[in-house]
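Some labels used for protein structures rest on a cut-off. The turns below ask how such labels are earned.

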Amino acid sequence: MDNIRQYVQENKERFLNELIELLKIPSVSADSAYAHDVVLTAEAVKASLEKAGCDFVELCETPGYPIVYGEKIIDKNLPTVLVYGHYDVQPPDPIELWTSPPFEPVIKTTEIHPEGAIFARGACDDKGQMYMHVKAFEYMIQNNCLPCNVKFMIEGEEEVGSKSLGWFVERNQEKLANDVILISDTGMISNQQPSITTGLRGLSYVEVEVTGPNRDLHSGLYGGAVANPINVLAKMIASLHDENNHITIPGFYDKVEELSVEERAEMAKAPFSLEKYKKALDIEDVHGEVGYVTNERNSIRPTLDVNGIWGGYTGEGAKTVIASKAYAKISMRLVPNQDWEEITELFKKHFESIAPKSVRVLVKPHHGGQGYVTPIDSVGYKAANKAYTETFGVPAIPVRSGGSIPIVALFEKELKSKTILMGFGLDSDAIHSPNEHFGVFNYLKGIETIPLFYKYFVEMSK
């Protein structure tokens, strides 16, 4: 693998153009209007795996969108790496906040990415990071240096809870048998300091509906006499945190993993500037649970956030109305040991209990998943660290992510193997937000680093 950097540079323009073509397809899994495009993307991923050198590739039908499965088995006595990624993307809204159309990829320079970054929905999450694996595999095939077996499992429902993937994994354990699972759907500290995500938060996502009168009412004739569901919902949501930003749901913290002083000290070694953090977000100050610093609040502590809230009249001008209904979408990020189904039930019970008799409350669970922690003494972690060290010149730092990849815990349960999270994105890449982007440096560095993981994983597994 001595020529990998040369191979990446020689094929740089082709690698970028191929990713750009993939990013043009609006594979929004949350919106049925894009269903055709989601399937087109699956077909494009299938074609890319075939072209890269897989011996067998198929679109596996599921209750939802298809899963792209591919494999290259060179020797059944050698280890097998299972690569997971997803080809679906978040909705692009709000469109008006994009500086360029979300599905018309462009490369623009930024302060963090002087060599350019690809701006498009899915650039980092996860098409760009998923496609790094396809190109890294291509390199190993073209240079006859693939040291082990490879399986690819690329899904189209990660952004809506991966329900079909769980169904698929449970029914295809033998097909998916592996020695380690490799995922790039996370980030790293900076382009100078790589990191390996060793923990993920779980997730519980719900929608709440508050109903008052049986129709919208004139706010002059009925105001002050009938409960306003929007007012009630706002008060109920506000009560979910106390003055210390501690979540008030009874039993919510019962199973929360408390990290030791030593572990928190190790986490604190990661480079972090609070002033740069605030400047990047254009905020005067940070906010969160008392007793924890920013990097702990967004990784090792559970959270509860309103992701959307609506009701009544929101059009142009005025309409004096008391709405019949009000709604909100709420997500809770969970830490290891918190069971997402149990937390969902605790939320439901509490939210219904705090509603006044003047309204009716309905809690609709959407989706969720368990948290995950991978040990840093595993062969997979050590191989990833050695790969990063070689391409970046410095060892990676283990970090816990605030994000969730619910399927990871299922992988360990069903496939009995550990997951290594080799992310190459940055916190500033605006995933799930307008102007999502992925650095050209990061994309190419991922392609350069991933083959080294294979090399060292096989060597260390002997």
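The questions and answers below concern a predicted model.

Q: How do you know that C54 is in no disulfide?
A: A disulfide needs two cysteine sulfur atoms within 2.5 Å. The closest cysteine sulfur to that of C54 belongs to C60 and is 12 Å away, which is too far for a bond. A search of the whole structure likewise finds zero disulfides.

Q: What is the distance from the sulfur of C145 to the nearest cysteine sulfur?
A: The nearest one, in C148, is 11 Å away, and C145 is in no disulfide.

Q: Why is C54 called buried?
A: Buried means under 20% relative accessible area. C54 has 9% relative accessibility, so C54 counts as buried.

Q: What makes C145 buried?
A: The cut-off is again under 20%. The relative accessible area of C145 is 18%, so C145 is buried.

Q: How do you know that T294 is buried, and what does T294 touch?
A: Its relative accessible area is 12%, and buried means under 20%. T294 lies in helix α10, residues 294–297. Apart from neighbours within four places in sequence, T294 is in contact with F272, L274, Y277 and V286.

Q: Why are α3 and α4 called roughly parallel?
A: Angles under 35 degrees count as roughly parallel. The axes of α3 (residues 35–52) and α4 (residues 127–142) cross at roughly 20° and come within 9 Å. The two helices are therefore roughly parallel to each other.

Q: Which residues of α3 and α4 meet?
A: From α3 come T41, V45, S48, L49 and A52, and from α4 come K127, M130, Y131, V134, F137, E138 and I141. By type, the residues of this contact are eight nonpolar, two polar and two charged.

Q: What makes α2 roughly perpendicular to α14?
A: Angles of 65 to 115 degrees count as roughly perpendicular. Helix α2 (residues 12–23) packs against helix α14 (residues 440–461) at about 110°, with the axes 11 Å apart. The pair is therefore roughly perpendicular. K12, F15, L16 and L19 of α2 make the contact with V440, Y443, L444 and I447 of α14. Of the residues in this contact, seven are nonpolar, none is polar and one is charged.

Q: Where does the name "domain: Peptidase M20 dimerisation" come from?
A: The name comes from UniProt, where an unreviewed entry lists it for residues 199–357. In the model this span is 30% helix and 22% strand, and its end C-alpha atoms lie 42 Å apart.

Definitions and conventions: Residues are numbered from 1 along each chain as its sequence is written. This is a predicted model: local features need pLDDT of at least 70, side-chain atom pairs count only at pLDDT 80 or more; totals for chains, interfaces and linings use all residues. Side-chain values use heavy atoms; hydrogens and water are left out. Buried means under 20% relative accessible area, exposed over 50%, partly exposed in between (1.4 Å probe, protein chains only). UniProt positions are given in the numbering used here, feature names are shortened, and annotations may be inferred rather than shown by experiment. Helices (H or I, at least four residues) and strands (E, at least two) are DSSP runs, numbered from the N terminus. Axes are lines fitted to C-alpha atoms, for helices over the stretch in contact, and angles run from 0 to 180 degrees between N-to-C directions. Angles under 35 degrees count as roughly parallel, over 145 as roughly antiparallel, 65 to 115 as roughly perpendicular and the rest as oblique. Contact means heavy atoms within 4.5 Å. Ala, Val, Leu, Ile, Met, Phe, Trp, Tyr, Cys and Pro count as nonpolar, Asp, Glu, Lys and Arg as charged, and the others, Gly among them, as polar.
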